[in-house]
Amino acid sequence: MIHFVLLISRQGKVRLTKWYSPYTQKERSKVIRELSGVILSRAPKLCNFVEWRGHKVVYKRYASLYFCMCIDDTDNELEVLEMIHHFVEILDRYFGSVCELDLIFNFHKAYYILDELLIAGELQESSKKTVARLIAAQDSLVETAKEEASSLSNIIAQATK
Amino acid sequence: MGSQGGFGQSKEFLDLIKSIGEARSKAEEDRIVIREIETLKRRISEPDIPKRKMKEYIIRLLYVEMLGHDASFGYIHAVKMTHDDNLLSKRTGYLAVTLFLNDDHDLIILIVNTIQKDLKSDNYLVVCAALNAVCRLINEETIPAVLPLIVELLSHGKEAVRKKAVMALHSFYRKSPSSVSHLVSNFRKRLCDNDPGVMGATLCPLFDLINDDPNPYKDLVVSFVSILKQVAEHRLPKSYDYHQMPAPFVQIKLLKILALLGSGDKPSSEHMYTVIGDIIRKGDSSSNIGNAILYESIRTVSSIHSNAKLLEAAADVIAKFLKSDSHNLKYMGIDALGRLIKLSPLIAEQHQLAVIDCLEDPDDTLKRKTFELLYKMTKSSNVEVIVDRMIEYMISISDDHYKTYIASRCVELAEQFAPSNHWFIQTMNKVFEHAGDLVNIKVAHNLMRLIAEGFGEDDDAAYSQLRSSAVESYLRIIGEPKLPSVFLQVICWVLGEYGTADGKHSASYITGKLCDMAEAYSNDEIVKAYAITALTKIYAFEIAAGRKVDMLSECQSLVEELLASHSTDLQQRAYELQAVIGLDARAVEAILPHDASCEDIEVDKNLSFLNGYIQQSIESGAMPYISENERSGMVNTSNFRSHDQQESGQHGLRFEAYEVPKAPVPSKVTPVSLSSTTDLVPVPESLYARETQQISSVGLASDTGSSELKLRLDGVQKKWGKPTYSSPASSSNSTSQNPVNGVTKVDVATTINSKARDSYDSRKQQNEIDPEKQKLAASLFGGSTKTERRTSTSSKGPKASAADRPQDSKAASVPNKASGEKTNQVQQPPPQDLLDLGEPTVTAAPPAVDPFMQLEGLLDSSNSSAVTNSGGAVANAPDIMGLYRGTTSSEQSGGGGYNPASGDNLNLLSELSNAAAVRGTTGATIVSPLSPSVKGANAKDSLEKDAKVRQMGVTPTSQNPNLFRDLLG
């Protein structure tokens with residue numbers, strides 16, 4: 001089972017956190033502090049796994065962003081590594097060449113996507129297409145709402161289309 | 001897709017994110033966040049906030065909380081938002097509550113009602129949003145409130161809903177297994193759902209169920225095997241492919257389940273051999289996901305009833321893993337080796353050098369995994385080397401958690417395999433000295449017992465030798481500063497019991513040492529208590545032996561000090577000491593007999609020795625004892641308590657709406673859980689089982705099995721097949737060739753000579769490093785090969801390498817060849833880098849300064865590496881620039897006021913340089929490895945993104961390319 005998902009930048013800034021096991025706010029901060037210390041200081045080319053308090057943390061660096069997942073001792077690390085990649089590919093497809101900035105400003109969207117991918121700490125859907133379709137269905141509702149609001153960014157989006 | 005890349009938030013929020021990004025220290029960031037919290041607190045409680053604003057506030061709260069601050073003041077607003085009718089708000093509300101609340105939060109109770117309503121909604125998106133929340137928020141207490149609704153959703157028309165419903169039930173099972181135990185048949189049914197996604201999701205709860213008790217699911221083995229076979233044969237829709245692998249995540253889950261079902265069950269395992277063999281044989285070891293499946297297969301092979309062929313195949317895979325250049329694969333290889341070693345202990349030998357390399361690797365993760373392996377293969381012949389290594393590592397690390405762990409491992413191994421008493425004591429001393437405060441107190445007690453009882457030898461001489469070597473070593477260690485308390489306790493106890501036993505040390509010497517200790521650690525009361533008791537014992541032994549006791553003055557003062565101690569325990573011990581000293585030899589002998597620490601003391605719980613006294617009292621007219629139960633008048637308390645429990649169960653929370661007050665239809669109000677079961681039509685299990693088998697074989701095939709899917713198989717195999725591994729494989733396991741997995745094997749006998757000659761030059765220098773390693777290898781692995789290898793540690797390099805192949809009777813004649821191969825094995829890893837797909841090429845080292853700092857500064861046309869990209873990008877540029885110009889102009893006219901950088905900046909000149917920067921971005925996207933068809937769109941996306949970002953005052957300068965860098969680029 002995945003206990004939490006953590007996205008941290010090279011500078012140690014938190015970009016996304018999702019907790020599937022109960023942690024208090026205090027514990028969360030502690031976990032983030034500890035793990036970013038451990039993971040950011042690891043040299044490249046080493047294992048993408050860290051054993052940590054009886055759990056294992058699988059992480060992978062994409063550009064300046066570290067994607068980390070904490071899993072049980074009995075889980076398959078390579079599989080989780082690919083789950084991370086799977087997630088990134090879905091993000092990439094959604095945002096169109098996703099970069100860190102997308103996730104900084106649209107972190108809530110990243111959450112929605114993650115919710116379609118993982119649920120209760122398990123992979124619920126392994127088809128990229130299905131995830132994309134569900135997110136699109138949700139977004140289409142958002143779109144209509146936005147048009148009513150006629151926000152500026154919408155105009156720009158229209159103009160560049 | 002443009003709208004998705006946009007940032008629909010207000011300027012205020014964007015500014016917040018930006019200023020956080022620019023914060024130079026954690027303190028500054030905290031200040032900003034605290035200010036934001038103040039603002040939000042004020043705003044959020046204003047009346048009549050428009051929905052859109054409110055939604056943004058909630059998202060800002062999320063942001064604040066994500067940064068580690070407390071946003072609990074806003075939780076209630078998030079809860080309120082879930083009540084909203086608008087799906088958009090509802091979705092935000094649900095997202096927020098799932099992120100804010102744990103399932104034990106008080107506010108959950110306010111959401112349950114909404115969830116109930118939403119689960120019944122006819123909009124499947126609403127249902128999905130509610131199900132997401134269910135998985136996170138519904139706790140044991142509230143499960144009954146939603147359970148019937150969720151069971152209904154299992155047959156919902158939309159597969160997304162069915163899938164989430166299954167996952168919700170899974171989360172219930174985790175929280176309270178009994179709550180869904182009656183629903184197992186539903187899981188079986190979902191296993192043959194038309195939608196592969198639902199089927200895949202169903203594997204999660206089934207895995208847990210089978211993990212808890214595999215027996216009721218043995219009938220599913222055939223179904224699982226057939227599903228796995230079909231998945232592996234590309235029968236699922238193509239959208240489930242991942243990097244050309246057919247539904248790998250499903251495969252892995254299935255393999256895990258098979259491992260559970262086949263464990264210790266020969267008939268079940270026999271069903272699996274073929275499919276697992278196929279998967280391993282076809283396994284693609286050039287991609288990460290392929291290796292994940294291979295690794296999982298090994299785990300399955302090691303768990304089910306063993307099969308020689310599969311074990312051999314697994315051993316080959318492990319060899320590949322260990323020889324790989326990738327640390328990840330080595331790690332997996334070591335782990336797999338640890339699993340297989342139980343079944344075929346000899347397998348580790350051919351990998352001894354690889355294992356030692358891993359042990360000496362600078363990567364801690366790999367090292368720890370290797371220790372794990374060593375732990376599993378420890379024998380009395382290699383325990384010394386292994387435990388020494390472990391202790392060495394234990395001393396070098398500062399991670400308390402792991403230190404504790406490895407310390408207990410050392411203790412365990414030492415107790416189990418210790419070759420000599422002396423070594424054992426030495427080892428324990430080292431463990432206690434360096435990790436004394438971390439080891440469990442039980443370990444200390446164990447050690448004391450071991451010293452008292454010995455290792456079970458009947459030999460008295462060995463006993464006393466063990467003890468006196470312990471005493472000697474403790475007397476030596478005692479002088480070291482700052483010993484852990486637990487260790488001191490052991491020392492005190494041992495000195496007290498055995499300090500004077502062998503007559504080498506006088507009582508006054510030992511007591512002096514004990515007093516020194518009590519003084520040096522004067523604020524540790526436990527140590528002082530141990531010390532004073534030890535003193536008592538020594539004096540007692542002296543008196544019993546008929547010698548005259550004279551107390552050292554320092555002991556005297558210690559006792560006096562303790563007599564007046566605040567701790568009653570210490571006081572009592574001191575008084576006892578005084579009392580004992582005053583007694584004669586016979587009495588002392590009875591109180592503290594010599595060497596009696598292992599005698600059992602019998603405790604008479606019934607206090608039968610008082611019987612006479614009681615009898616006497618009763619005869620003289622005292623009241624007989626009345627037991628507590630009788631006194632309080634309760635005949636049977638246990639009965640009463642269970643009744644009480646039942647009562648409270650019925651008083652639990654109820655989540656159904658109150659009924660419409662109807663005319664008396666009595667006894668309709670059954671407990672919730674009962675009513676839920678009646679909703680289900682109970683179907684006999686066996687029926688489902690049969691159904692499962694049929695449908696899973698037919699359903700999946702008919703659903704997806706169009707002929708073109710099958711065709712893919714060949715192409716894929718060719719493309720991803722065997723390539724890179726053949727050469728290293730051939731150089732290594734020359735002794736173990738197996739015809740079964742002939743894929744990568746080359747006949748070694750012919751190639752080996754040339755190989756050896758080829759690497760002759762490099763071998764020479766290699767040989768200089770090798771002996772050290774080989775020595776280690778010999779001492780680690782040597783013990784198992786042959787019994788004649790007695791002097792393992794002292795053996796020379798070449799000889800050690802010969803241990804690899806015990807058949808070679810004349811080890812001396814082939815040492816060169818053997819070691820040459822060894823070096824080959826280490827030297828020639830597969831050429832390509834398996835896992836570094838997404839690893840950044842580190843052209844730009846991460847900026848030491850925060851990238852946001854430079855964002856504000858205006859453009860820098862020298863957009864480093866990206867501009868030098870392909871010519872294709874340049875050719876595209878004019879078009880793109882045109883597009884871009886369109887953007888900027890419309891932006892100028894439409895929203896100049898909005899733009900923090902204001903319109904002035906966007907003159908023609910800067911626009912030009914903009915274009916250069918933009919070209920950089922597009923260039924980057926064009927080389928991105930994604931499928932070519934999307935490239936055009938991507939380029940446009942990045943343009944839009946760029947435009948938007950710029951508009952907010954964030955500028956892609958060359959110093960911070962990272963933020964703009966494609967994550968997958």
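What follows is a walk through the sheet of chain A and then the helices of chain B, all in a predicted model.

Chain A is a good place to start. Here 5 strands make up an open sheet, lined up in the order β2-β1-β5-β4-β3, and the pairing is antiparallel. As background, the strands of a sheet are held in pairs by backbone hydrogen bonds, and the pairing can be parallel or antiparallel. At the edges of the chain A sheet sit β2 (14-19) and β3 (49-52), each of which pairs on one side only. Going from one strand to the next, the twist averages 15 degrees. Helix α1 (residues 25-40) of chain A packs on this sheet and touches β1 (2-9), β2, β3, β4 and β5 (65-71). The direction of α1 makes about 60 degrees with that of β1(A).

The edge strand β3(A) deserves a second look. Its partner is strand β4 (residues 55-62) of chain A, and the two pair in the antiparallel sense over 4 bridges. Within this pairing, Phe49(A) has Val58(A) as its bridge partner, while Trp52(A) stands opposite His55(A). The hairpin that β3(A) and β4(A) form has 2 residues between the strands, and Arg53(A) takes a positive phi near 50 degrees there.

Chain B is built from helices: there are 48 of them, and 0 strands. Of its 969 residues, 51% count as buried. Chain B exposes about 45,300 Å², with carbon and sulfur atoms supplying 53% of that area. Taking the contacts in chain B with a separation of 6 or more, 70% come from residues 24 or more positions apart.

Two helices of chain B show how a pair can cross. In general, packed helices are described by the angle and the distance between their axes. For α24 (residues 441-453) and α25 (residues 460-477) of chain B, the axes come within 8 Å and cross at roughly 135 degrees. Angles over 145 degrees would count as roughly antiparallel and 65 to 115 as roughly perpendicular, so α24(B) and α25(B) are oblique to each other. On the α24(B) side the contact is made by Leu447(B), Leu450(B), Ile451(B), Ala452(B) and Glu453(B). The α25(B) side brings in Tyr463(B), Leu466(B), Arg467(B), Ala470(B) and Tyr474(B).

Finally, there is helix α16 (residues 288-303) of chain B. At 1.5 Å a residue, its 16 residues should span 22 Å, and the end C-alpha atoms are 23 Å apart, which agrees. As for its surroundings, 15 of the 16 residues of α16(B) are buried, so this helix is largely enclosed by the rest of the structure.

Technical notes
Residues are numbered from 1 along each chain as its sequence is written. Chains are lettered from A and ligands numbered from 1 in the order in which they are written. This is a predicted model: local features need pLDDT of at least 70, side-chain atom pairs count only at pLDDT 80 or more; totals for chains, interfaces and linings use all residues. Side-chain values use heavy atoms; hydrogens and water are left out. Two strands pair if DSSP finds at least two bridges between them. Axes are lines fitted to C-alpha atoms, for helices over the stretch in contact, and angles run from 0 to 180 degrees between N-to-C directions. Contact means heavy atoms within 4.5 Å. The expected span of a helix is 1.5 Å times one less than its number of residues. Buried means under 20% relative accessible area, exposed over 50%, partly exposed in between (1.4 Å probe, protein chains only). Accessible areas come from the Shrake-Rupley method with a 1.4 Å probe; for residues, only the protein chains shown count as cover. Angles under 35 degrees count as roughly parallel, over 145 as roughly antiparallel, 65 to 115 as roughly perpendicular and the rest as oblique.
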